[in-house]
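Let's take a walk through this one together. Have the sequence and the model open side by side, and turn things around as we go.

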Amino acid sequence: MIKVNDISLSLSGRGILKNINFKLEENTSLVISGPSGSGKTKLLEIIAGLENSYIGEIFINNKSTAELGDELYNTLGFIGNFRLDNNFSENIIYDLVFGLEIQNTPNPEIKKKLDKLIKDFSLEKLLGTEPNNLSGGEKQLVNICSTIIKEPKVLLMDDAMTMIDTDKKKILFDKIIYSKKYTTVMITQDVDIFSDFDKILFLDKGEIYYFGDTKTFLKDHRKKLIESGLIAK
Ligand SMILES: Nc1ncnc2c1ncn2[C@@H]1O[C@H](COP(=O)(O)OP(=O)(O)OP(=O)(O)O)[C@@H](O)[C@H]1O
Ligand SMILES: [Mg+2]
């Protein structure tokens, strides 16, 4: 469960987010969208505990993130948009298991989870490659895999699948969104995938334009999507 309670954010004297309120039930999915600069990334960073200069309160599973401290790291998985090139070691396997090692997971369990991940996403052929030489989509896939191996309750993704092949994307959607195993929040401007999510939060100039059922939004707010430049006339 994620509860966002009257969040506002100003940076360098500029209002970035204003009075954001919404609640997402456990094991449901939310897509956050809106024009460029509308505050999507900042909102996700606030929920993830990466941006702290906001006012308001965030609750994850009924606990304020301000009180969660280190527990936040085990509860949340954050997959950002711009960490593609800088966040890899020299070895993909090490990248994949890093989070589990930090959590002091026993080695046999790490191996079991790693083997399953490699099989589920056909990662075998990537394992010999140096992470820096992976393609953009492959990096995104390794990034996502290194987060879901920890099985966080809440998964936050900022445009994290843009370069991933359709077949792999389908597996990811099956495992992450349709499985209902996670409470998922994903930022995207890809209108075609909106309907895969239970709810949508559409931001405009730092304010909520719409929060609610995705299919209703798609039916009633086409004009807004055209105005926002997300679909063609
Ligand atoms: N440190 C900062 N100081 C001032 N303004 C900032 C700062 N960081 C971000 N902003 C502004 O906050 C606004 C929201 O940024 P954000 O990155 O959340 O947008 P976004 O909706 O994710 O856009 P995009 O779709 O392009 O990724 C932008 O107008 C940006 O210029
Ligand atoms: Mg962004």
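**From an outlying serine to the core**

Let's start with serine 135, which has 13 C-beta neighbours inside 10 Å and so counts as partly exposed; a residue would need 20 or more to be called buried, and 12 or fewer to be called exposed. Keep in mind that this is a predicted model. If you want to find serine 135, look in the loop between helix 5 (107-120) and helix 6. For a sense of scale, pick serine 29 as well: the two serines are 106 residues apart in sequence, and their C-alpha atoms lie 28 Å apart in space.

From that loop, step into helix 6 and look at its partner. Two packed helices are described by the angle between their axes and the distance between the axes. For helix 4 (residues 92-102) and helix 6 (residues 136-148), the axes come within 6 Å and cross at roughly 35 degrees. On the helix 4 side, the contact is made by Ile92, Asp95, Leu96, Phe98 and Gly99, while helix 6 brings Val142, Cys145 and Ser146. Sorted by class, that contact has 5 nonpolar, 2 polar and 1 charged residues.

Now for the sheet. Here 6 strands form an open sheet with mixed pairing, in the order 6-7-8-3-9-10. Its edges are strand 6 (76-79) and strand 10 (207-213), each of which pairs on one side only. Ignoring direction, neighbouring strands of this sheet are turned against each other by 15 degrees on average.

Zoom in on the strand 6 end. Strand 6 runs parallel to strand 7, and 4 bridges join the two; glycine 77, for instance, has leucine 155 in strand 7 as its bridge partner. One strand further along, strand 7 (residues 154-158) is joined to strand 8 (residues 183-187) by 5 bridges, again in parallel, and methionine 157 is bridged to methionine 186 of strand 8. Although strand 6 is an edge strand, both of its faces are covered: Leu76 and Phe78 on one side and Gly77 and Ile79 on the other are all buried.

What does leucine 156 touch, leaving aside residues up to four places away in sequence? The list is Leu44, Ile47, Ala48, Leu76, Gly77, Phe78, Ile79 and Val185. Leu156 also stands out in the largest nonpolar core, which has 54 residues: along with Ile32, Leu44 and Ile47, Leu156 touches the most other members. Helix 6 comes back into the story here, as it gives the most to this core, with 5 residues.

Leu44 and Ile47 lead us to helix 1, where both are among the buried residues. Helix 1 is mostly covered, with 6 of its 8 residues buried; the others on the buried list are Lys40, Lys42, Leu43 and Ile46. Just after helix 1, glycine 49 takes a positive phi of about 80 degrees.

Helix 1 also takes us to our last stop, ligand 1. Around this ligand sit Leu11, Ser12, Arg14, Ile16, Gly34, Ser36, Gly37, Ser38, Gly39, Lys40, Thr41 and Lys42. Strand 2 (14-24) and helix 1 (40-47) each supply at least two residues of that shell, and helix 1 gives the most, with 3 residues. By class, the shell has 2 nonpolar, 7 polar and 3 charged residues. Lys40 and Lys42, then, are listed both around ligand 1 and among the buried residues of helix 1.

Terms used:
Residues numbered from 1 in each chain as written. Chains lettered and ligands numbered in written order. Predicted model: local features only at pLDDT ≥ 70, side-chain atom pairs only at ≥ 80, totals over all residues. Near = placed C-beta within 6 Å. Helix = DSSP H or I, 4+ residues; strand = E, 2+ residues; numbered from the N terminus. Nonpolar A, V, L, I, M, F, W, Y, C, P; charged D, E, K, R; others polar. Axes fitted to C-alpha atoms, helices over the stretch in contact; angles between N-to-C directions. Contact = placed C-beta atoms within 7 Å. Pairing = 2+ DSSP bridges. Core = buried A, V, L, I, M, F, W, Y, C linked by C-beta atoms within 7 Å.
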